[in-house]
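Here are a few short exercises to work through with the coordinates open. Try each task on your own before you read the solution beneath it.

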Amino acid sequence: MLTRRALIASALAAPAAAQVDLGFADNGLRPSTRAFPQKGEMILQRSSPPLLETPISVFDVHDFTPNDHFFVRWHYPFPTEIDPAKHRLRVGGHVGKPLSLSLADLAKLPRVAIAAVNQCAGNGRGLFAPRMAGAQWGNGAMGNALWEGVRLKDVLALAGVKAGAVAVRCGGLDAPVVETAPDYEKSLPLDHALSDDVLIAWGMNGTALPLLNGFPLRLVVPGWYSTYWVKMLDSITVLDTADAGFWMAKAYLQPANALADIAPGGPAGPRAPVSVMRPRAIITNIADGAKLPPRSFTPVQGVALGGDHGVNTVELSADGGRNWVPAQLGPDHGRYSFRRFRGALALGPGKQIILARATNAAGVSQPLNQNWNPSGYNRAGVDPVRVEIG
Ligand SMILES: Nc1nc2c(c(=O)[nH]1)N[C@H]1C(S)=C(S)[C@@H](COP(=O)(O)O)O[C@H]1N2
Ligand SMILES: [Mo]
C-alpha cells in the first residue's frame with residue numbers, strides 16, 4: 001500500500017525571516033513559496049510550523065485540489081521522516097481489546113473512498129472586518145480530495161468499544177516544543193465516530209498522503225471542519241467521559257448559535273466546539289478589485305461546498321441580492337465534495353459588486369452579511385467580489 005518512505009525535507013528548516021504570521025500586506029499581496037516538499041507554489045502564511053494557503057486560481061480549474069497545491073496547517077513540529085513499515089496506530093482506552101495496528105493490518109479492512117472538502121475552521125479569517133487575531137487566511141485554507149482508507153468504525157469494532165463510551169480522541173505524531181503545552185488531540189462524539197463516513201485515510205487523490213498533509217494516516221471527517229482531521233494519526237483513545245483536554249475544551253470554540261456570530265466587540269455569550277461546515281460559494285475566475293472589459297455577459301465561475309449536505313443551488317446576483325440568477329452546476333462527486341459552478345451576469349459600466357450564494361440539500365443558504373465572531377471561525381456569509389467595468 002505504501003512502499004516509499006516520505007522524503008526528508010531540508011526545506012522544512014524554515015527561512016528565518018518568516019517565523020511570524022505574514023497575513024495580508026497593506027497592498028493586499030501575500031508572499032508565495034515553492035520551498036516546501038511535495039508542494040508547488042503556495043501562499044506563505046508562516047513557515048514553521050507551516051501554514052500554506054492554496055491560491056484561488058487552483059480552484060478555478062480543478063474539481064479535486066491537486067495534492068501539490070493542497071493547503072497545509074500545523075500547530076506543532078512534526079517528524080520529517082516517517083517509515084510507514086514501522087508506523088503503528090494504537091487503539092486503547094475504553095475498549096475490550098487494545099490494539100497496535102500496522103498499515104498492512106488496516107489494509108485488510110474494507111476499503112472506502114469519499115470525496116470531501118477539508119476546510120480549516122479559520123478559512124477566510126483575514127477577510128473579516130473588523131479583523132481578529134489568528135492566521136490571516138484568505139479563502140484558500142480549504143481543498144477537495146478523494147480520500148481513501150478504512151472506516152474508523154471498523155477499527156473501533158476490532159477493539160470492541162465498551163458500554164459507557166462517549167467520545168473517541170485522536171492524536172498524531174506531532175508534539176509541542178514546550179513539554180507543558182497540550183498535545184494536539186481532538187475528539188469526536190461516539191455516535192459521529194461510528195458514522196459510515198468517518199475514515200482513517202492513507203490515500204489522497206489516488207496517491208499516498210503528502211507528508212505535510214498527514215502521511216501516513218489521517219482522520220477524515222467529511223462535512224466537519226478540518227481541526228478534527230488529525231494528521232499523522234497514531235493514537236485513538238475511547239473515552240468514557242467528555243474530553244477535557246485543551247484542544248476540545250478551550251480551543252476551537254465558537255458562539256453557540258446557528259451562524260456562530262456575535263456583534264463585533266459584543267459579549268461572547270455561550271460557546272460550543274466548531275463542528276459542521278456551512279454552505280459556501282467562492283468565485284474563482286474574478287479577483288476582488290478586478291478591472292474588467294465591458295461585454296454583454298460577464299462569465300462568473302467558482303467552487304461551492306454544501307457543508308454536511310450536498311450543494312443544491314448556486315445563484316448569482318449583480319444588484320446586491322435583490323435578484324438572483326441560477327448558475328449551472330458541474331459534476332456531482334457526492335455530498336461532501338466541491339461542486340463547481342458557472343454562469344454569467346449582465347454588468348453595466350462602472351463599479352459593480354458580484355455575489356454568489358450557495359444553498360445545500362438541507363435548504364441552508366448563505367446569509368448576505370458575514371457572521372463575525374472573535375476567533376474568525378465558520379465564515380459562512382456571501383463573499384462579495386467588487387469589480388470595475390470599462
Ligand atoms: N496532527 C495534527 N493534525 C492536524 C493539525 C495539527 O496541528 N496536527 N491541524 C488541524 C487543522 S487546524 C487543520 S486546518 C488541518 C489542515 O489539514 P491539511 O494540512 O492537510 O490541509 O489539519 C488538522 N489536523
Ligand atoms: Mo484549522
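**Exercise 1.** How many cavities of 30 Å³ or more does the structure hold?

*Solution.* Keep in mind that this is a predicted model. A search for enclosed spaces of 30 Å³ or more gives one cavity. Next, take the volume: the largest cavity comes to about 230 Å³. Then list the lining, which has 18 residues; closest to the centre are Arg-73, Arg-218, Ser-226, Trp-229 and Lys-231. Finally, sort that lining by class: nine residues are nonpolar, five are polar and four are charged.

**Exercise 2.** Work out where the largest cavity lies with respect to domain 1 and domain 2.

*Solution.* Start with the bounds: domain 1 covers 4-73, and domain 2 is made up of 89-119 + 141-273. Now check which of them supply lining residues. Both domains do, so the largest cavity lies between them.

**Exercise 3.** What takes up the space of the largest cavity?

*Solution.* Place ligand 1 in the picture: the space it takes is the largest cavity. Now look at its surroundings. The shell around ligand 1 has 19 residues, with Phe-71, His-75, Asp-174, Arg-218 and Lys-231 the closest. By class, this shell splits into 10 nonpolar, five polar and four charged residues. As for domains, domain 1 and domain 2 each contribute at least three residues to the shell.

**Exercise 4.** Find polar partners for oxygen atoms of ligand 1, using a cut-off of 3.5 Å between N or O atoms.

*Solution.* Begin with side chains. An N or O atom in the side chain of Arg-218 is 2.6 Å from a ligand 1 oxygen. In the side chain of His-75, an N or O atom is 2.8 Å from an oxygen of ligand 1. Then turn to the backbone, where a polar atom of Arg-73 lies 2.9 Å from a ligand oxygen. To finish, consider how well ligand 1 is covered: taken alone it exposes 530 Å², and the protein buries 100% of that area.

How values were computed:
Residues numbered from 1 in each chain as written. Chains lettered and ligands numbered in written order. Predicted model: local features only at pLDDT ≥ 70, side-chain atom pairs only at ≥ 80, totals over all residues. Heavy atoms only, no water. Near = heavy atom within 4 Å. Polar contact = N/O pair within 3.5 Å; in protein donor to acceptor, adjacent residues only side chain to side chain. Areas by Shrake-Rupley, 256 points an atom, 1.4 Å probe, with all protein chains shown as cover. 1 Å grid on protein atoms, 1.4 Å probe; cavity = no way out; pocket = protein on both sides within 12 Å on 5 of 7 lines; lining within 4 Å. Sits in = over half its atoms within 2 Å of the grid points. Nonpolar A, V, L, I, M, F, W, Y, C, P; charged D, E, K, R; others polar. Domains from an automatic or database assignment. Points joined across faces, edges and corners; volume = space filled by probe spheres on them.
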